[in-house]
Amino acid sequence: MSDLVWQHMNLCPGGDPGTVISDAALAVRDGRIMWLGAASDLPREFAAWPREDLGGAWVTPSLVDCHTHLVFGGHRADEFALRLAGASYEEIARRGGGIVSTVKATRAADENALFEAAAARLEPLLTEGVGAIEIKSGYGLELATERKMLRVARALGRRYPVSVYTTFLGAHALPPEYAGRADAYIDEVCNRMLPALADEGLVDAVDVFCERIGFTLAQSERVFEAAARHGLSVKMHAEQLSLSGGAALSARYRALSADHLEFLDEAGVQAMKEAGTVAVLLPGAYYFIRETQLPPIELLRRYEVPIALATDCNPGTSPAVSLLAMLNLGCTLFRLTVPEVLQGVTRHAARALGRSEHHGELAPGRQADFVAWSVTTLAELAYWIGRPLAARVVRAGATVYRAGERQWTGHAGGQPTSFEGA
């Protein structure tokens, strides 16, 4: 049905619970919003359109998960046990664990296996109303496997009702074959891997892990310069384990976002403000590695730097497949407010992807991507832990999920997906 008026809802068009339209209506044609507002103000031109009643549900834009590592092989539950026994994240990485252990598993997996495993992680996010998601590479650290990961990410976007944005994170860790030769590996990333993957249309943005167990400021800047040569936006894993100046560097290159930021200082915050760089906070990783250094929330507020939240879904530091759980952690661990966390997974998360014109807000002319929630107040989205709250997920004006129904059969009824010729 191309013309439809959705009615009887409490509409929060921008993700801010302070701005709600009671008894609202949405007029949708061919998947796009033609009008929204109070039902009593519905223009005559839409009066005869068919109606869909949402029963007084609270409605927000579809959620945006703006930082994930969703595609990977294996898991790292054993390393979790080691951390519980006292080993630090850094110690495990230096002993050959951490990212490099996932690299081995990811290199060994074929695309079908990676797709099936990633789909199982994606589906819970979709039932929570995620309509856009970023997926990074970075567990290949060689051209063939980085390509494989990005192809799988693109395939997920084709098979599921979600917008997938891919980020090349070749500079995630130093692969074993380049031990002691970090500059040579950055040469490979900048001069061979990135050009090839960009030419194949597999890359939307470029990321780098700037950290003492990752890459230096100088090496990170080389990656940013290579991204600029290909017209690609950049982002950075910055100030997670130490203060390196990565956030300020990312701001100098007008990065979409700087992410983690536990050790961010005021100079970095000011640089991000001036550049328009979004602060992406990842409370799942903070919680999982039992970090104690809090991101500088008050500084970010004072400088009015947009704050986004994401799952950081990854096998080592945030095996999280619930964006709603991140709202709760953002409130309880970082002391963010309910309006801050809700805008952090809608409007600001879309900005962190450079996709503000497509996601994070409901407005005339935009695609009708929204979630109807089974709640009595939007604060419940940050309150409940593990409770299914999405009554209905709508994508391009069509219902793609209803509570109690399994609709994410996706890939050929659960059969493996063939990537031959893709």
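Visitor: What kind of contact do the side chains of E142 and R107 meet in?
Guide: They meet in a salt bridge, at 3.8 Å from N to O. Keep in mind that this is a predicted model.

Visitor: Where do E142 and R107 lie?
Guide: E142 is in the loop between β6 (130-136) and α5 (143-159), while R107 is in helix α3, so the pair ties together parts that are 35 residues apart in sequence.

Visitor: And is E142 buried or partly exposed?
Guide: Partly exposed, because its relative accessible area is 27%. R107 is partly exposed too, with 26%.

Visitor: How many salt bridges does the count come to?
Guide: The rule gives 18 salt bridges. One of the pairs is E52 with R392, where the side chains meet at 2.9 Å, N to O.

Visitor: Which strands do E52 and R392 lie in?
Guide: E52 lies in β4 and R392 in β14, so this salt bridge ties together parts that are 340 residues apart in sequence.

Visitor: Is R392 buried or exposed?
Guide: R392 counts as buried, at 9% relative accessibility. Its partner E52 counts as partly exposed, at 23%. The cut-off for buried is under 20%, so R392 falls below it and E52 does not.

Visitor: What does K136 form a salt bridge with?
Guide: With E134, and the closest N and O atoms are 2.6 Å apart. Both K136 and E134 are buried.

Visitor: Which residues do shared partners join into one network?
Guide: E134, K136, D207 and K235 are joined into one network by salt bridges that share partners.

Visitor: New topic. How is the chain divided?
Guide: There are two parts: domain 1 (4-61 + 361-402) and domain 2 (63-353). Domain 1 is written as two stretches of the chain.

Visitor: How far apart are the C-alpha centres of the domains?
Guide: The centres of domain 1 and domain 2 lie 31 Å apart. Their contact takes 21 residues from domain 1 and 20 residues from domain 2.

Visitor: What area is buried between domain 1 and domain 2?
Guide: About 1600 Å², and carbon and sulfur atoms give 63% of that. On the domain 1 side, L381, A382 and R395 supply 30% of the area buried against domain 2, more than any other three residues.

Visitor: How many salt bridges are there between the two domains?
Guide: The count is zero. Across that interface, though, the rule finds five residue pairs in polar contact.

Visitor: Which elements of domain 1 each supply at least two residues to the side that touches domain 2?
Guide: Those are β4 (51-61), β13 (370-373), α15 (380-383), β14 (390-395) and β15 (398-402).

Visitor: What classes of residue are on that side of domain 1?
Guide: By class, the side that touches domain 2 has 15 nonpolar, three polar and three charged residues.

Visitor: One last residue. Where does G97 lie?
Guide: G97 is in the loop between α2 (89-94) and α3 (99-108).

Visitor: Is G97 buried or exposed?
Guide: Buried, because its relative accessible area is 12%.

Visitor: What does G97 touch, leaving out residues up to four places away in sequence?
Guide: With those left out, G97 touches E79 and I92.

Visitor: And how far is G97 from A382?
Guide: In space, 34 Å from C-alpha to C-alpha, and in sequence, 285 residues.

Notes. Residues are numbered from 1 along each chain as its sequence is written. This is a predicted model: local features need pLDDT of at least 70, side-chain atom pairs count only at pLDDT 80 or more; totals for chains, interfaces and linings use all residues. Side-chain values use heavy atoms; hydrogens and water are left out. Domain bounds come from an automatic or database domain assignment. Contact means heavy atoms within 4.5 Å. Buried area is the accessible area (1.4 Å probe) that two parts lose on being put together, summed over both. A salt bridge is a side-chain nitrogen of Lys or Arg within 4 Å of a carboxyl oxygen of Asp or Glu. A polar contact is a pair of N or O atoms within 3.5 Å; within protein, one must be able to donate a hydrogen and the other to accept it, and residues adjacent in sequence count only if both atoms are side-chain atoms. Helices (H or I, at least four residues) and strands (E, at least two) are DSSP runs, numbered from the N terminus. Ala, Val, Leu, Ile, Met, Phe, Trp, Tyr, Cys and Pro count as nonpolar, Asp, Glu, Lys and Arg as charged, and the others, Gly among them, as polar. Buried means under 20% relative accessible area, exposed over 50%, partly exposed in between (1.4 Å probe, protein chains only).
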